[in-house]
Amino acid sequence: MALRSVLTGVGSYLPERVLSNAELAKRVDTSDEWITERTGIRERRIAADDQRTSDLACEASVKALEAAGRDAKDIDLIIVATATPDLTFPATAARVQAELGVSQGAAFDLQAVCSGFVFALATADNFLARGQAKAALVIGAETFSRIVDWEDRGTCVLFGDGAGAVVLEASEEDGDRGVISTFLRTDGRMHDLLYVDGGPSQTQSVGKLRMVGNAVFRQAVEHISGAMLEACARAGIPLDEVDWFVPHQANQRILDGVARKLGIDVDKVVSTVAVHGNTSAASVPLALDVATRDGRIKKGDLVLMEALGGGLTWGAALVRV
Ligand code: ACO
């Protein structure tokens with residue numbers, strides 16, 4: 001019988017410090033009204049000075065392991081999707097592995113910016129489906145507050161820090177739970193629409209986030225919609241059979257634009273962007289965790305996750321949870 005990757009637990013973590021729109025308006029020329037109307041974001045979380053991306057990742061992972069009823073000895077693959085690693089190297093995943101007490105298997109980072117979690121989920125699914133690992137922790141964790149230009153009102157209002165994680169287990173059981181289909185895409189010709197202007201090889205510095213917001217917006221609505229349709233087509237499942245849509249939480253207007261374009265009932269779209277802003281790779285598992293813990297997403301539901309980010313990268317994953 002073919003192996004399937006079954007999602008058995010989800011967890012998330014947001015740092016304690018809340019940064020409201022009103023507080024931001026004291027730092028840059030903006031207003032609560034502008035930010036809420038254009039993005040739907042009301043507040044975001046900021047990691048404490050001594051909190052690293054790996055710390056956020058570990059907090060989320062402990063909760064995901066608890067939800068799955070698993071512990072460190074069960075995990076033999078860790079993938080951390082992040083664009084804000086603790087250090088240039090080693091991988092943030094290596095520190096997460098050590099902190100969690102996992103002493104087997106591989107741990108590595110994956111860089112696809114805001115699409116990172118969907119890319120990491122698809123990657124882990126391939127390892128599990130080929131029998132190369134038994135149980136994976138797939139994590140999205142970010143400290144974007146460290147790379148945002150706090151003087152650029154066009155970007156600093158959008159981003160926040162956080163982490164989310166899932167446990168994905170290889171299963172031979174006869175059932176229809178698990179990752180059903182994934183679709184990943186990169187188009188590097190658009191790398192300069194959203195990037196960080198520093199890095200070890202080019203500038204020997206960390207750099208700050210730069211974005212052509214309105215162009216990214218247009219690309220997002222088009223490509224996220226396309227990825228969702230493609231993931232459903234690959235599974236042979238029509239879009240209207242999906243129970244819950246869990247999008248990358250970038251901007252409420254992108255979520256609404258995609259729902260409108262595809263004729264999706266907005267009540268089926270999980271939105272948490274108001275309370276944490278764009279947390280990049282962390283946002284899909286963060287939203288998945290919220291809607292699972294509040295009872296909306298139930299075992300057996302068909303969930304479509306989707307994202308677009310720097311690269312540009314985009315993708316979708318259809319999962320029966
Ligand atoms: N407060 C007040 N005014 C602002 C702010 C702000 N925070 N930011 C920009 N403005 C001004 C601009 O300076 C401009 O003023 P001007 O007309 O005098 O020049 C005006 O608002 C309009 O600027 P636009 O950039 O055209 O505004 P737009 O309606 O496109 O909204 C936004 C900007 C919210 C960034 C939008 O483009 C967007 O959401 N883009 C998607 C980007 C995104 O979510 N990226 C995240 C990473 S990718 C992803 O996750 C999908």
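**Exercise 1.** In which sense do E8 and strand E13 pair, and over how many bridges?

*Solution.* This is a predicted model, in which local features need pLDDT of at least 70, side-chain atom pairs count only at pLDDT 80 or more, and totals for chains, interfaces and linings use all residues. Residues are numbered from 1 along each chain as its sequence is written, and side-chain values use heavy atoms, without hydrogens and water.

Step 1. Strands (E, at least two residues) and helices (H or I, at least four) are DSSP runs numbered from the N terminus; two strands pair if DSSP finds at least two bridges between them.

Step 2. E8 and E13 (residues 313–320) are antiparallel, with eight bridges. Glycine 178 has arginine 320 in E13 as its bridge partner.

**Exercise 2.** Find the edge strands of the sheet that contains E8.

*Solution.* Step 1. The order in this open, four-stranded sheet is E8-E13-E12-E11, with mixed pairing.

Step 2. E8 (178–186) and E11 (244–247) each have a single partner strand, so one side of each lacks a neighbour in the sheet.

**Exercise 3.** Describe the polar contacts of the ligand with Thr30, Arg38 and Arg153 (pairs of N or O atoms within 3.5 Å).

*Solution.* Step 1. A side-chain N or O atom of threonine 30 is 2.7 Å from a ligand nitrogen.

Step 2. Arginine 38 places a polar side-chain atom 2.5 Å from a ligand oxygen.

Step 3. Arginine 153 uses a backbone N or O atom, 2.9 Å from a nitrogen of the ligand.

Step 4. The ligand alone exposes 1,000 Å², of which the protein buries 73% (Shrake-Rupley method, 1.4 Å probe).

Conventions
A polar contact is a pair of N or O atoms within 3.5 Å; within protein, one must be able to donate a hydrogen and the other to accept it, and residues adjacent in sequence count only if both atoms are side-chain atoms.
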